[in-house]
Amino acid sequence: MLSNSSAAPFLLTGFLGSEGIHHWISIPFFAIYLSILFGNGTLLLLVWNDHSLHEPMYYFLAMLAGTDFGMTLTTMPTVLGVLLLNQREIAQQACFTQSYFIHSLAIAESGILLAMAYDRFIAIRTPLRYNSILTNSRVMRIGLGMLARGFVSIMPPILPLYWFPYCRSHVLSHAFCLHQDVMKLACADITFNRIYPVVLVAFTFFLDALIIVFSYILILKTVMGIASGEERAKALNTCVSHISCVLVFYVTVIGLTFIHRFGKHAPHVVHITMSYVYFLFPPLMNPIIYSMKTKQIQRSIIRLFSGCSRA
């Protein structure tokens, strides 16, 4: 095993050329982070406390909220540290660990969205068998399986980072650590670290998206077979929130991928902004989407805050 030729900390980067107004830029970031924590924390609290939400659909929603909550807590300290305190240094071990959690939670989120599509597929295709198929134990196994997929599959490219030598610049291009950023600083053969993530993305994000699309084709086929127009609308309405979250997540993934692959000559601020959109927009929007589109969530929110006001 190689030891690092330099154990010097890495340097995080905010918005290049705008360092003088970082403290102003930090205000909307701080507000967004608080909103994300409040929104996803509220969803977790609702599903935990409200027995009317103790159903597979809402258990999967709680997993999605937990993943978004975890992702936010992973990136928030370094982003606000750079913008508010100009705290750019991050120890190598801390950087690799942050990178591990960022990428594993992203894969887990894709898997949970896939599990939610499966939930909608079962609910509409075989409604009479819904509760017998998606038992609490099966929901738990699916959720743990998706989390394990994320946390295990990302280990092969992350572990070598711990023993690569870093003899080049230690400056990273973001205010958080990403595998693709860190590996470029290594003075070692990074062929595996270049190829493996491409394969991993194909077998997680891309495959998950294909299966979700296929499941909705089958759902649509089932719904079109329902005689009553009112029942068709009701069935499709139960999918609107999930479809919206899927679009928000995968549109940002596709946008970030295109910027990294084909936007090499784009200004640095475009790359940075797209990265923040990817990490902040889905966690911010998911609770808003479900609270606006799901009546049971709305009723639960009203009960929660009316109870708080009486107390």
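# Questions on a predicted chain

Trainee: In which helix does Cys-95 lie?
Mentor: This is a predicted model, and every position we discuss is a position in that model. Within it, the residue Cys-95 lies in helix H3.

Trainee: Is Cys-95 buried or exposed?
Mentor: A residue is called buried when its relative accessible area is under 20%. The relative accessibility of Cys-95 is 0%, and therefore Cys-95 counts as buried.

Trainee: Which residues does Cys-95 touch, not counting residues up to four places away in sequence?
Mentor: Met-63 is 32 residues away from Cys-95 in sequence, and their C-alpha atoms are 25 Å apart in space. With residues up to four places away left out, the residues that Cys-95 touches are Phe-10, Ile-90, Leu-172, Cys-177 and Val-182.

Trainee: Which helix gives the largest share of the largest nonpolar core?
Mentor: That core holds 89 residues, and those touching the most other members are Phe-10, Phe-29, Leu-113, Tyr-166, Val-182 and Tyr-276. The largest share of this core is 17 residues, and it comes from helix H3, residues 92-125.

Trainee: How many helices and strands does the chain have, and why can we call it as compact as a globular protein of that length?
Mentor: The chain has eleven helices and two strands. For 311 residues the globule rule gives 19 Å, and the chain is as compact as a globular protein of that length because its radius of gyration is close to this, at 21 Å.

Trainee: What share of the contacts with a separation of 6 or more comes from residues 24 or more positions apart?
Mentor: Along the sequence the pattern reads β-α-α-β-α-α-α-α-α-α-α-α-α, and buried residues make up 46% of the 311 residues. Of the contacts in the chain with a separation of 6 or more, the share from residues 24 or more positions apart is 78%.

Trainee: How much of the area that the chain exposes do carbon and sulfur atoms supply?
Mentor: The C-alpha atoms fill a box of roughly 65 × 45 × 35 Å, taken along the principal axes. The chain exposes about 15,600 Å², and the part supplied by carbon and sulfur atoms is 71%.

Trainee: How far apart are the mean positions of the positive and negative charges of the chain?
Mentor: The chain has 20 positive and 12 negative charges, and a mean position can be taken for each of these two groups. The two mean positions are apart by 7 Å.

Trainee: Which residues is Thr-75 in contact with, leaving aside its neighbours within four places in sequence?
Mentor: Thr-75 has its place in helix H2, residues 56-85, and with a relative accessible area of 1% it is buried. Leaving aside those neighbours, the residues in contact with Thr-75 are Tyr-33, Gln-98, Ile-102 and Phe-176.

Trainee: Which residues does His-22 touch, not counting residues up to four places away in sequence?
Mentor: His-22 is placed in helix H1, residues 22-49, and its relative accessible area of 6% makes it buried. Once residues up to four places away are not counted, His-22 touches Gly-14, Phe-15, Val-82 and Leu-83.

Trainee: Is Asn-86 buried or exposed?
Mentor: Asn-86 has its place in the loop between H2 and strand E2 (89-90), and its phi is near 55 degrees, a positive value in a residue other than glycine. Exposed means over 50% relative accessible area. Since its relative accessibility is 55%, Asn-86 counts as exposed.

Trainee: Which residues does Phe-151 touch, not counting residues up to four places away in sequence?
Mentor: Phe-151 belongs to helix H5, residues 136-153, and with a relative accessible area of 22% it is partly exposed. Its C-alpha atom is 9.9 Å from that of Ile-102, which is 49 residues away in sequence. With residues up to four places away not counted, Phe-151 touches Tyr-100, Phe-101, Ser-104 and Leu-105.

Trainee: How far apart are the C-alpha atoms of Ile-133 and Phe-281?
Mentor: Ile-133 is found in helix H4, residues 130-133, and counts as buried at 11% relative accessibility. Along the chain, Ile-133 and Phe-281 are 148 residues apart, and their C-alpha atoms are separated by 33 Å.

Methods. Residues are numbered from 1 along each chain as its sequence is written. This is a predicted model: local features need pLDDT of at least 70, side-chain atom pairs count only at pLDDT 80 or more; totals for chains, interfaces and linings use all residues. Side-chain values use heavy atoms; hydrogens and water are left out. A nonpolar core is a set of buried Ala, Val, Leu, Ile, Met, Phe, Trp, Tyr and Cys residues joined through side-chain atoms within 4.5 Å. Buried means under 20% relative accessible area, exposed over 50%, partly exposed in between (1.4 Å probe, protein chains only). Helices (H or I, at least four residues) and strands (E, at least two) are DSSP runs, numbered from the N terminus. The radius of gyration is taken over C-alpha atoms; the globule rule is 2.2 Å times the number of residues to the power 0.38. Contact means heavy atoms within 4.5 Å. Accessible areas come from the Shrake-Rupley method with a 1.4 Å probe; for residues, only the protein chains shown count as cover. Lys and Arg count as positive and Asp and Glu as negative; His and the chain ends are not counted. The place of a charge is taken as NZ of Lys, CZ of Arg, CG of Asp or CD of Glu.
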